[in-house]
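Welcome! Here is a short briefing to read alongside the model, moving from open pockets to enclosed cavities, ring contacts and a strand pair.

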Amino acid sequence: MKQVTKGLWNGYDTYTLNSRDLEVTLLPRLGNNIISIYDRAQNREVVRRPDEQDLAFYLQKPYHFGVPMLIPPGRICRGHFEYAGHEYQFAQNSNHSNHIHGLHRTQPWCVSDIEEDEEGCTVTTEFKTQEDELWMEHFPVPLKLEMTFRLQGSLLTQQLRITHLGSHAIPFGMGYHTWFLLDGEPERWNISLPVTGIYTLNEEQLPTGELASLDAQAELPEGISLAGQNLDTIYRSNMEQDTAVLQRNDGYTIKYTASKDSFKHWVLFTKGEASDYLCIEPYTWLPDAPNLNKDTEFTGLIHMEPGESVSLHTAIEIIQPEHAK
């Protein structure tokens, strides 16, 4: 069962990592997204999977499915920023002529390695930004991105390695927009998140650089019910714990870990009042980070020198009710 199998989605190759517990399906040629995490024991999809007829919508907004990467995440004021003497202009693709959710959409990644062993299976993919004309038009910096997906039992790990191949210092930020399913039963689910505050946003939904208390969500670190919740909120990590816990009332548990050394912010998004989805989104940088008059410890902006590499680690673990504590 610990093997990688190939398939097709709308004519594009898929790669599925198989274990006794899970089937994890990747779509490398359309943005390197995880489009499915199937729980064999529960016979359920864990994340929002695109149907075959969703191709047009997927091509337009791939970050509405699965576990998409946002490079960089969130909004950038007017899509413009300056850094280390260089000026950048991203597409103004959201309200108020701001930019949202980065340059990474449906670029084709290549599978560079597949490994299968007694413990699990691994797929490694890579993408070079200089091969993408649109990317280089907006962010003319050559980067090599390498992603390693590893499935062992009910644990899926991801390592994204970014290597700066350019000639001057740059800012880097990324996040995941992970669509966990609530099966239309939000009252059965609780979410706990290791956070200490909420970032204040202006009328354009851009961070002001101020941090407010959790107030009505003061119980979020211990866990709150998703019944009646309408969330589109950016939180500050407590910098001590690094795991969000989504738990159903029968003990079924999803643990989402994002290395606290890199991911300083979390977003919760329910797409209206919670019903079908809860997006749990770990971010390395705060949206609009290059334009905020704050240091990198606050914003999470990653400063990269030429030749430097950075590795970012996340994991999703499924715990069945009989094993939940």
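## Pockets, cavities and contacts

Strand β25 provides three residues to the lining of the largest pocket, the largest share from any element. Please keep in mind that this is a predicted model. The points below start from that pocket and work through the other topics in turn.

**The largest pocket**

- The space in this pocket comes to about 410 Å³.
- Its lining is made of 22 residues, and those nearest the centre are Arg75, Ile100, His101, His177 and Asp232.
- Three strands, β22 (230-237), β25 (265-273) and β26 (277-283), each contribute at least two lining residues.
- Sorted by class, the lining of the largest pocket holds nine nonpolar, seven polar and six charged residues.

**The second largest pocket**

- About 270 Å³ of space is found in the second largest pocket.
- This pocket has 15 lining residues, with Gly102, Leu103, Arg105, Gln107 and Leu134 closest to its centre.
- Helices take part here: α1 (55-60) and α2 each supply at least two residues of the lining, and α2 gives the most, with three residues.
- The classes in the lining of the second largest pocket are six nonpolar, seven polar and two charged residues.

**Cavities**

- Two cavities of 30 Å³ or more are present in the structure.
- The largest cavity contains about 80 Å³ of space.
- Around the largest cavity sit Ile71, Pro72, Phe81, Phe90, Leu103, Trp135, Phe139, Leu143, Pro171, Phe172, Gly173 and Trp285.
- What classes of residue make up that lining? There are 11 nonpolar residues, one polar and no charged.
- The second largest cavity holds about 60 Å³, and its lining includes Leu30, Asn33, Tyr58, Met69, His104 and Arg105.
- Seven nonpolar, three polar and one charged residues line the second largest cavity.
- Leu103 appears in the lining of the largest cavity and is also among the residues closest to the centre of the second largest pocket.
- Arg105 likewise has two roles in this list, lining the second largest cavity and lying among the residues closest to the centre of the second largest pocket.

**Aromatic rings**

- How many aromatic pairs does a search of the whole structure find? The count is 16.
- One of these joins phenylalanine 90 and phenylalanine 139 edge-to-face, with 6.0 Å from centre to centre and 85 degrees between the planes.
- Phenylalanine 90 belongs to the loop between β9 (86-89) and β10 (99-100), and phenylalanine 139 to the loop between α2 (133-138) and β13 (143-152), so their pairing ties together parts 49 residues apart in sequence.
- Both phenylalanine 90 and phenylalanine 139 are buried, and both help to line the largest cavity.
- Trp9, Phe57, Tyr58 and Phe65 are linked into a cluster by ring pairs. Tyr58 also lines the second largest cavity.

**Charges over rings**

- Phenylalanine 65, a member of that cluster, has arginine 48 lying over its face, 4.6 Å from the ring centre.
- Lysine 294 places its charged end over the ring of phenylalanine 298, at 5.0 Å from the centre.

**A strand pair**

- Strands β11 (residues 110-116) and β12 (residues 121-128) pair in the antiparallel sense over six bridges.
- Which residue of β12 is the bridge partner of valine 111? That partner is threonine 125.
- Together β11 and β12 make a hairpin, with four residues between the two strands.

How values were computed: Residues numbered from 1 in each chain as written. Predicted model: local features only at pLDDT ≥ 70, side-chain atom pairs only at ≥ 80, totals over all residues. Heavy atoms only, no water. Phe/Tyr/Trp six-rings, centres within 6.5 Å; stacked < 30°, edge-to-face > 60°. Buried < 20%, exposed > 50% of the residue type's maximum accessible area, 1.4 Å probe, protein only. Lys NZ or Arg CZ within 6 Å of the ring centre and 35° of its normal. 1 Å grid on protein atoms, 1.4 Å probe; cavity = no way out; pocket = protein on both sides within 12 Å on 5 of 7 lines; lining within 4 Å. Points joined across faces, edges and corners; volume = space filled by probe spheres on them. Nonpolar A, V, L, I, M, F, W, Y, C, P; charged D, E, K, R; others polar. Pairing = 2+ DSSP bridges.
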